[in-house]
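Student: I would like to take a close look at a single part of this structure. Could you please describe one strand and its surroundings?

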Amino acid sequence: MMIAVKLALAYVAIWLLGALALAHIGARGRGILGVVADFAAGVVLLAFVGSIAVIGGIRLSPLAIYGLVLVLGAAATIRRRGVRVSLELPEDRIARLLLVAIVLPIGLLALSALDDRLWWDGWAIWVLKARILFNEGTLPSEYFERGGWLAFSHTDYPLAVPLLNWWLFHHVGAPDPAVAALAGTIWHAVLVFTVVGVLRDRVGDRVAALTGLGIACFWPIAFFASGGTADVVIALALVGALWEMDEGLASGDASAFWRSGVFLALGAMAKTEGLAVAVAVGGAAALLAWRRTLRPRRLLGCALPFAIVAPWLVFTKALGIRRPYFTLDLTAAELLDRAVLFAKSVGTMVFGSASWLPLAGIIGVGILRDRSHAGWLALGGYFTAIAMTYLLTPDDPLWLIDTSLRRVLAACVPAALYVSLGGAAAPFSPAPAPTAVNSDRALDRDELSGQGRTDDLEGSGKEIGVVGHAGAT
Amino acid sequence: MDRRARPLSELWPRALRFFAIALLIGWCVATAWEFGRRMRGPAGLFVFRTPGTEGAVGMPLPGAHLVTTVRAMLAGHDDSRPWLLVVPSGTDPFVATYIRYQLAYIAYPRRVDVATPENVGGLGAYASVVALPGVLSGDEWRAVEGRDGWVRYERVR
């Protein structure tokens, strides 16, 4: 019981850290998605501060993180920046029932996590580092030396996941693998309720809750998450960033792009794939914003992941421990063989399993509807990046496919469902011409006219309002 | 429902909406069924560990028996000097890596190296060497503990 209280305290502190940081820059979101963005920002800050400490050879201390929370809290009090939370439960009974049903698989996974169910990546990549951090307060030189006795798998990976585990280990008082497994399930639960949140805002409570239930039970996410792998963090980063990007593109609201940047930074600080997500979503946002003549400074938030991860990239590059992910030393025949192997593997996975096949149908319908260019552009870009890693890997492609393809593709599923059901369900309406009645609003309308994000005028006396939602016409 | 949310019925054509929702329900049923099936498996609700692999971290893999054996040997030795585990020649590199990582995790901050007889270097730094019987010879080391066919040697003082 005490351990549960300590874990709760650890999570609340990280949430508060992020909420205060976002409150200071005026970028806090609303509802459950706002809470998730707060938490993501907290983990990003923890990862950034922790990485800088590791780079500088400074011992990390939980007290320093609590000190940071206190400083941000004091500054927020002075600046009168609150961190209130308002959650709205669905009124629909079926939706409520489905939300209750979601708790069952999550609860079972949490129960099983207490038995230490970490997979290879879970303990060999993430928990080993967290254990060293727990004991040493930093990553010692033996970790970064080639062939060093502490040089474990993926030494160049950024530190968001090990640092969160380190934080949790300190709260429970021991580097317990079961805590890391439980942390994976908590990431999974956060992902599920994020999916519910983003779809609820687009297509209503029932479809949102039903999709959330599917994600809660979808084993390639659920089991690998409780196995301690970081793919669930990529899944969360992708769907959160896409939703906030849609919000930003729809409303021109810079704070939405900042929150999108926070999610992208979370992905970039979790795994190398996160950088590909940042490039894909940031690129799509920039392209669409340019076509819609949004001011570039509103997209500043999309640069956040690159700024946050840059010190770690420079550091690992300088140490020469970055592992190669691509090779161009391939003949055309080899490349073709690899392309066939990749396509066959994806095809076998999708069409050979009952838990993947219906997804292909939903995504297919979504692509046919094609209403969310930004979403498909970003997802397409990320999928291309994934495919390239399998086609151009310096390792044995079959081994790489066997060990990772299922969970890497599974991490795209929540975002693909969001874009198919929600993003794709948001029709754009032609923009009415600006009127002289409200010239200051007309400026914003001009910015948004390329995408038609304006309210219909229901009467001549009504004020023109800018609608911050892709589903409004 | 959120004030800005719009039901799928307002946004999708009727036939497409039914098709999409039917697919979504079908997907939920399929995932729930598969979730239940896997929860009953060895990596499910109760993680199944074969006897002798309980000492491994996470889901046991080939090599977990040896990890459990060395873990038992490590218990109760507070000496911070490193140990060496000599695995048989021809051990799969993946298994050797698994054992090295596992023991590094378990023994940390004590160092545990893993080597094959061919690539064992100097033994001067090690407090204990764990190997199969007969691997270590000479007057400098004596067998002090045996477990599951493995022997722990200590330097003769």
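Tutor: The following account concerns strand 2 of chain B and its setting. This is a predicted model, in which local features need pLDDT of at least 70 and side-chain atom pairs count only at pLDDT 80 or more, while totals for chains, interfaces and linings use all residues. Residues are numbered from 1 along each chain as its sequence is written, and chains are lettered from A and ligands numbered from 1 in the order in which they are written.

Strand 2 of chain B comprises residues 112-115; strands are DSSP runs of E with at least two residues, helices are runs of H or I with at least four, and both are numbered from the N terminus. In a regular strand, side chains alternate between the two faces of the sheet. Here B:Val112 and B:Val114 form the covered face, whereas B:Asp113 and B:Ala115 form the uncovered one.

Strand 1 of chain B (residues 83-86) runs parallel to strand 2 of chain B, and four bridges join them; two strands pair if DSSP finds at least two bridges between them. Within this pairing, B:Leu84 has B:Asp113 as its bridge partner. From strand 1 of chain B, the chain passes through helix 4 (residues 93-107) of chain B to strand 2 of chain B, in a right-handed β-α-β crossover. Right-handed means that, with the strands pointing away from the viewer, the path from the first strand over the helix to the second runs clockwise.

As for the wider setting, chain B is assigned domain 1 (1-48) and domain 2 (64-155), with bounds from an automatic or database domain assignment. The centres of domain 1 of chain B and domain 2 of chain B, taken over C-alpha atoms, are 50 Å apart.

Notes. A residue is buried if 20 or more other C-beta atoms lie within 10 Å of its own, exposed if 12 or fewer, and partly exposed in between; C-beta atoms are placed from the backbone.
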